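Hi everyone, thanks for coming along. I'd like to walk you through one model today, strand by strand and then into its pocket. Have a look at it first.

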Amino acid sequence: MFRTFRGGQSGGWRVTSISPVTGEPLPFVPALSVTDSEAVSLPQVPSRNAWRLVGVASNLRYTERAEKQQLVAVQAGLGRLEATSAALIPIRKSQSWWELTQEERRKIFEDRSHHIASSLRFLPAIARQLYHCRDLGGPFDFLTWFEFAPADASLFEELVAMLRRTEEWTYVEREVDVRMVKEVLSA
């Protein structure tokens, strides 16, 4: 199943900011729509007033069984009513990251950067899903989607700041931080 994040003029999420963390920004758009589909058209054609990022939720790659069990025990699902704040953080890693073996990347990801172990304390307040897109021809390798209640915004800031200080993040060559709030339709 493909998940498409489309930045444009309409959508269920109102964009509050788009900040380039590293590398090129994405054009500012007022809204974001999130849709799922069994197929998408490739290549993704760029536009001056909209953008489309597509990814696939896949199997866990750098996670050992005990870590997966810990995550499943505490993580919250997406779409919770109270989670009206969200962040989409597309990331592209450097060629030097991809030249490492899977085992070498795992050592950086968890053994030295403690990506999973350090992130557990932020669950279940922050729900997250990683979408892979490196092989789809888009400008990013990963699309990270987070949802949280407005009361947990400072906790989310702490999480992303912690991750950005790790060795793993030295391999990130492009990262954009898109923040939004859920559109509430008035009756």
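A quick word on terms before we start: helices are DSSP runs of H or I with at least four residues, numbered from the N terminus. With that in hand, leucine 159 can be placed in helix α5. Please keep in mind that this is a predicted model.

Let's stay with leucine 159 for a moment. Is leucine 159 buried or exposed? Its relative accessibility is 5%, and buried means under 20%, so leucine 159 counts as buried. Leaving out residues up to four places away in sequence, leucine 159 touches Ser119, Phe122, Ile126 and Phe146. If you measure across to leucine 120, the two are 39 residues apart in sequence, and their C-alpha atoms are 10.0 Å apart in space.

One of those contacts deserves its own turn. Serine 119 sits in helix α4. At 14% relative accessibility, serine 119 is counted as buried too. Which residues does serine 119 touch, not counting those up to four places away in sequence? They are His114, Leu159, Met162 and Leu163.

Now to the strands, starting with β7. Seven of the seven residues of β7 are buried, so the rest of the structure largely encloses this strand. Here is a bit of background: in a regular strand, side chains alternate between the two faces of the sheet. In β7, Phe142, Thr144, Phe146 and Phe148 point one way, while Leu143, Trp145 and Glu147 point the other way, and all are buried. Notice that Glu147 is among the buried ones.

Who pairs with β7? Strand β6 runs antiparallel to β7, joined by six bridges; there, tyrosine 131 has leucine 143 as its bridge partner. β5 also pairs with β7 in the antiparallel sense, over seven bridges. If you want to find that pairing on screen, isoleucine 91 is matched with phenylalanine 142, and serine 85 with phenylalanine 148.

β5 has another partner as well. It pairs with strand β8, residues 172–182, in the antiparallel sense and over seven bridges. Lysine 93 has valine 172 as its bridge partner in β8. How many of the nine residues of β5 are buried? Eight are, so β5 is largely enclosed by the rest of the structure.

Moving to the N-terminal end, β1 tells a similar story. Six of the seven residues of β1 are buried, so this strand is largely enclosed by the rest of the structure. β1 pairs with strand β3, residues 31–37, in the antiparallel sense over seven bridges, with glycine 8 partnered by alanine 31. Six bridges join β1 to β4, and these two run antiparallel; threonine 4 has valine 54 as its bridge partner there.

What about the nonpolar cores? The largest has 22 residues, of which Leu32, Trp51, Leu88, Trp145 and Val178 touch the most other members. The elements giving two or more residues to this core are β1 (2–8), β2 (13–22), β4 (51–56), β5, β7 and β8. A second, separate core has 15 residues, including Ala87, Ile126, Trp169 and Val172. To go back to tryptophan 51: leaving aside neighbours within four places in sequence, its contacts include Phe5, Ile18, Leu26, Leu32, Leu88 and Val178.

Finally, the part I suspect you've been waiting for. The largest pocket has a volume of about 860 Å³. Of the 39 residues lining it, the closest to its centre are Phe109, His115, Arg128, Gln129 and Leu130. The elements contributing two or more residues to that lining are α1 (65–74), β5 (85–93), α4 (115–119), β6 (127–132), β7 (142–148) and α5 (153–164). By type, the lining divides into 22 nonpolar, ten polar and seven charged residues.

Let me finish on leucine 130, which lies in strand β6. At 34% relative accessibility, leucine 130 counts as partly exposed. Setting aside neighbours within four places in sequence, leucine 130 is in contact with Val56, Ala57, Phe142, Leu143 and Thr144. The C-alpha atoms of leucine 130 and threonine 16 are separated by 21 Å, with their positions 114 residues apart along the chain.

That's my tour, and I'm happy to take questions.

Notes: Residues numbered from 1 in each chain as written. Predicted model: local features only at pLDDT ≥ 70, side-chain atom pairs only at ≥ 80, totals over all residues. Heavy atoms only, no water. 1 Å grid on protein atoms, 1.4 Å probe; cavity = no way out; pocket = protein on both sides within 12 Å on 5 of 7 lines; lining within 4 Å. Points joined across faces, edges and corners; volume = space filled by probe spheres on them. Nonpolar A, V, L, I, M, F, W, Y, C, P; charged D, E, K, R; others polar. Buried < 20%, exposed > 50% of the residue type's maximum accessible area, 1.4 Å probe, protein only. Contact = heavy atoms within 4.5 Å. Pairing = 2+ DSSP bridges. Core = buried A, V, L, I, M, F, W, Y, C linked by side-chain atoms within 4.5 Å.
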